[in-house]
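Visitor: I would like a close look at a single part of this protein, the second largest pocket. Please describe what lines the pocket, and then the salt bridges that involve the helices around there.

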Amino acid sequence: MSDLKTRYMGLTLKAPLVASGARLCDSAQNIARLEDQGIAAVVLPSLFEEQLGNETMRVNDDFHRGAESFYESLRFFPNLENYKPGSDSYLALIRDAKQRVDIPVIASLNCQTREGWIEYAKLMQEAGADAIELNVYSIVTDPKQPAEQVEKGYLELVSHIKKTLRVPLAVKLSPFFTAPANFGLRLSQAGADALVLFSRVCESDFDIEDREIITSLKVNAPDELRVRLHWTAILHGQVGADLAVAGGIRSERDVVKCIMAGARVGFTASALLQNGLEYAHHMLIALNEWLDIHGYVSVEEMCGSMSYCAVPDPTTYQRGDAVAAFRPYDL
């Protein structure tokens with residue numbers, strides 16, 4: 001059998017398949033089941049700073065509700081004996097998971113303030129997270145804010161957080177950067193141990209009858225893998241950080257594509273949600289069979305074999321792919 005082991009951010013993984021997603025990794029029990037099916041690591045759901053603020057506001061409202069009425073209103077105060085403020089429940093998930101599984105547990109964080117990023121990253125590390133993923137997804141709506149200012153803010157954030165942590169640091173990016181190759185290089189130089197391509201994008205629709213904005217996340221479509229393969233292949237060999245693909249992985253063939261593009265690991269969620277956790281075991285068996293049939297001794301052997309730096313004609317990743325794609329439609 002082929003060797004499926006890979007290394008990601010300095011962590012040795014038994015296979016290049018990682019589970020991520022809120023419904024998959026929201027309990028230590030689920031994470032243990034994923035480990036049993038061969039998943040090599042898990043990425044926990046992102047902790048959003050807004051959620052922590054909303055939780056604090058709700059408790060503050062409970063404290064003051066009816067307080068101005070009369071003396072007996074003191075009995076309206078909530079009992080805080082069992083209340084876990086802030087990030088305690090998330091940190092408990094990290095600790096519980098680390099007690100139950102041997103695979104790496106990667107925490108995910110999305111904050112709005114520099115203080116929040118640093119504080120919660122440290123707390124996650126102290127709780128036992130093997131690595132931390134910064135989900136830097138944000139939508140810049142201010143037309144006066146230039147792109148270079150946005151990128152500079154991310155770079156300074158990564159550099160500052162990296163200096164405060166002992167564990168590896170990954171950065172999960174959105175696909176909406178003008179020069180992803182340059183930005184990926186600078187993130188690597190700023191201290192990112194890995195780049196995850198790409199974060200899910202919230203897409204807005206309109207309810208034209210009630211005139212409401214509808215925002216939702218859909219299950220990843222298979223076609224979403226293509227843009228991730230494209231930029232993984234371009235970044236491989238040109239940045240020092242490890243690469244991970246997140247989105248669109250449905251089968252062992254998709255995992256092969258990610259590795260050939262240059263990724264160390266592939267994240268899967270939709271495939272497991274639709275087919276059950278046991279599907280991870282099926283994917284890994286099929287991956288091993290594919291490697292054997294095609295003469296690969298290990299996953300490491302084929303990593304980056306289809307990347308920008310490895311293919312005979314790298315212009316395919318530039319304008320060449322568009323020319324070839326549209327040629328059948330020439331009149």
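Guide: What follows covers the pocket, then its helices, then the salt bridges.

The model is a predicted one. The second largest pocket holds about 490 Å³ of space. Its lining is made up of 20 residues, and those closest to the centre are Cys-111, Gln-112, Trp-117, Ser-138 and Tyr-154. Two elements each give two or more residues to this lining: helix H4, residues 114-127, and helix H5, residues 147-164. The larger share comes from H5, which gives the most of any element, with 5 residues. By class, the lining of the pocket has 10 nonpolar, 8 polar and 2 charged residues.

Helix H5 also takes part in a salt bridge. Lys-162 pairs with Asp-193, with 2.6 Å from N to O. Lys-162 is in helix H5, whereas Asp-193 is in the loop between helix H6 (180-190) and strand E8 (194-197), so the bridge ties together parts that are 31 residues apart in sequence. Both ends fall in the partly exposed class: Asp-193 has 25% relative accessibility, and Lys-162 has 24%.

A second salt bridge concerns the loop that follows H4. Lys-98 and Asp-130 are joined there, and their closest N and O atoms are 2.7 Å apart. Asp-130 sits in the loop between H4 and strand E6 (131-135) and Lys-98 in helix H3 (residues 88-100), so this pair ties together parts that are 32 residues apart in sequence. Lys-98 is partly exposed, at a relative accessible area of 27%. Asp-130 is partly exposed as well, at 21%. Buried would require a value under 20%, so Asp-130 does not count as buried at 21%.

These two pairs belong to a count of 7 salt bridges. Another of them joins Asp-3 and Lys-5, with the closest N and O atoms 3.2 Å apart. Asp-3 is partly exposed at 30%, and Lys-5 is partly exposed at 44%. Elsewhere, Asp-242, Arg-264 and Glu-300 form a network of salt bridges.

For contrast with the pocket, there is also an enclosed space. The whole structure has 1 cavity of 30 Å³ or more, and the largest cavity holds about 50 Å³. Residues lining this cavity include Leu-173, Phe-177, Phe-183 and Leu-235. The cavity lining has 8 nonpolar residues, 1 polar residue and no charged ones, while the pocket lining includes 2 charged residues.

Conventions:
Residues numbered from 1 in each chain as written. Predicted model: local features only at pLDDT ≥ 70, side-chain atom pairs only at ≥ 80, totals over all residues. Heavy atoms only, no water. 1 Å grid on protein atoms, 1.4 Å probe; cavity = no way out; pocket = protein on both sides within 12 Å on 5 of 7 lines; lining within 4 Å. Points joined across faces, edges and corners; volume = space filled by probe spheres on them. Nonpolar A, V, L, I, M, F, W, Y, C, P; charged D, E, K, R; others polar. Helix = DSSP H or I, 4+ residues; strand = E, 2+ residues; numbered from the N terminus. Salt bridge = Lys/Arg side-chain N within 4 Å of Asp/Glu carboxyl O. Buried < 20%, exposed > 50% of the residue type's maximum accessible area, 1.4 Å probe, protein only.
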